[in-house]
Amino acid sequence: MRTLLITGPGGSGRTTVAAATALAAARAGTRVLLLGTDRTDTLGAVLGTPVGAAPVEVAEGLTARRVDAGEDFRADLAALQDRAASALGLLGASRLDPEEFGPLPGAEELSVLRALRDAALSRAYDLLVVDLPPAERALALFALPEDLRRALRRLLPPERQAARALRPVLGRLAGVPMPAEWLYGTAARWDTELAAVEAVLADRDTTVRLVAEPGPAGDEAVRTAGLGLALRGLRTDVLVAGRVLPEGVGDGWLAGPVAQQRKTLDEWRQTYDVHPVAHLGRDPRGPDDLTALAVPGVPAAPGASASAASGATVGPAAAEWPVTGLPHSRIRSSGGTPTADDGVLVWHIPLPGARREELDLIRHGDEIAVTAGPFRRTVPLPSALRRCTVDGAALREGELRIRFRPDPRLWPRTP
């Protein structure tokens, strides 16, 4: 199933574009699930049909539902207490009534990720359209699975689970309690679920559609959002320019905004596939208005991807962040293993819209932390670079190029 994630600056009309895109795809014969993530029913207001946590058929071929973070949190709290019942009993702690609490910070984001994973792996639909939060929150959401998995691996390394039978003995010898079995089991379950979300985001059938109103504020927001998406390795299909005013409005007060929009659209076209959507003169409401917007269609999916279906662990794609510097003949003959005589290797990280003063790099062992503007990502180094030293970096043509030199103490020399 193809997944289309729609986001943009706050107030850009992303919910309207998401609803219009889903409706257009359904009318073209595609089975569509439209997933809303707002706390309030913004989707229902645009569609003209109330949308809640239960799926509702909005039109032929179009089903919509909204994430209910409160219900998900209460179910998770009850399940956690069931798994930790023995530990709570030893501590003399009383059970919490899930109905007493609302979602804690972070619960809403986890509910959205779970709903995204479950919907993307469903066989009941051909297309999943997700009305994501505004771009700043959406980008933080995209980073959450990778960051949480990295924290879990640091706090509860998987290799330590091999000594489960020895934990009681080790606890007596060390004089400190060892992590309980349920804790490792919970960590393993979370890791599997987060890996499945990562696989959905990295799948070749998953793309992001940006929505913004052309103008100075929208231009800066698109630059920032594009930079964050590139750092996460996410792919964009089109940039929808919403509320575009008509040309030829004369010399009235609209002439200035029209010229401003035209200038921004010309700049966007240098980087994105831009699809202007006309201003209707009112807030779109109902199927007729959504059809009148004439939003761009959704290309057919190139085929099911095995990675998302299997929930496999994923990372930065080699095709997106390539390493160059070795002759192709040397790579083929040595299986991609450089030697100390091979010279400098270059890791190419596309970061369109990045500014030199906003970039920072820190290496931690076999990982490197890349900061670009307000975004930061820590990724493992490709295997060819782990026994190299950083030789410098430069920003060229929207691409961060990090130079590495093989460490002669670690690489074998050729005869």
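Strands β1 and β5 (residues 127–131) pair in the parallel sense over 5 bridges. Two strands count as paired if DSSP finds at least two bridges between them. Helices (H or I, at least four residues) and strands (E, at least two) are DSSP runs, numbered from the N terminus. The model is a predicted one: local features need pLDDT of at least 70, side-chain atom pairs count only at pLDDT 80 or more, and totals for chains, interfaces and linings use all residues. Residues are numbered from 1 along each chain as its sequence is written, and side-chain values use heavy atoms, with hydrogens and water left out.

Within the β1–β5 pairing, the bridge partner of Leu 5 in β5 is Val 130. Strand β1 also runs parallel to strand β6 (residues 206–212), joined by 5 bridges. Here Ile 6 has Arg 209 of β6 as its bridge partner. Burial is defined by relative accessible area: buried is under 20%, exposed is over 50%, and partly exposed lies in between (1.4 Å probe, protein chains only). In β1 (residues 2–7), 6 of the 6 residues are buried, so the strand is largely enclosed by the rest of the structure. Arg 2, Leu 4 and Ile 6 point one way from β1, while Thr 3, Leu 5 and Thr 7 point the other way.

Leu 5 also takes part in the core. A nonpolar core is a set of buried Ala, Val, Leu, Ile, Met, Phe, Trp, Tyr and Cys residues joined through side-chain atoms within 4.5 Å. The largest such core has 57 residues. Leu 5, Leu 128, Phe 142, Trp 268, Trp 347, Ile 349 and Leu 351 touch the most other members. Contact means heavy atoms within 4.5 Å. Not counting residues up to four places away in sequence, Leu 5 touches Leu 116, Val 130, Leu 132, Phe 142, Leu 201, Thr 206, Thr 207, Val 208 and Arg 209. A second, separate core has 28 residues, including Ala 26, Leu 47, Val 240 and Val 295.

Helix packing was examined for α5 (residues 107–120) and α6 (residues 135–155). Their axes lie 10 Å apart, at an angle of about 80°. This makes α5 roughly perpendicular to α6. Axes are lines fitted to C-alpha atoms, for helices over the stretch in contact, and angles run from 0 to 180 degrees between N-to-C directions. Angles under 35 degrees count as roughly parallel, over 145 as roughly antiparallel, 65 to 115 as roughly perpendicular and the rest as oblique. On the α5 side, the contact is made by Glu 108, Glu 109, Leu 110, Val 112 and Leu 113. On the α6 side, Arg 137, Leu 141, Leu 144, Pro 145 and Leu 148 contribute.

An open sheet of 3 strands follows the order β11-β12-β13, with antiparallel pairing. β11 (359–364) and β13 (375–380) stand at the edges, each with a single partner strand, so one side of each is left without a neighbour in the sheet. Neighbouring strands are turned by 15° against each other on average, direction ignored. β11 is joined to β12 (residues 367–372) by 6 bridges. Asp 360 has Thr 371 of β12 as its bridge partner. Helix α6 lies across β12 and β13, running at about 45° to β13. Helix α9 (residues 216–232) packs on the sheet as well, touching β12 and β13. The direction of α9 makes about 10° with that of β13.

Ala 369 lies in β12. At 2% relative accessibility, this residue counts as buried. Beyond four places in sequence, Ala 369 touches Asp 360, Leu 361, Ile 362, His 364, Arg 376, Arg 377 and Thr 378. The C-alpha atoms of Ala 369 and Val 379 are separated by 6.5 Å, at 10 residues apart along the chain.

Another open sheet has 4 strands in the order β9-β10-β15-β14, with antiparallel pairing. Its edge strands are β9 (323–324) and β14 (388–396), each paired on one side only. Strands β9 and β10 (residues 345–350) pair over 2 bridges. The bridge partner of Thr 324 in β10 is Val 346.

Over the whole protein chain, the secondary structure comes to 13 helices and 15 strands. Of its 415 residues, 42% count as buried.
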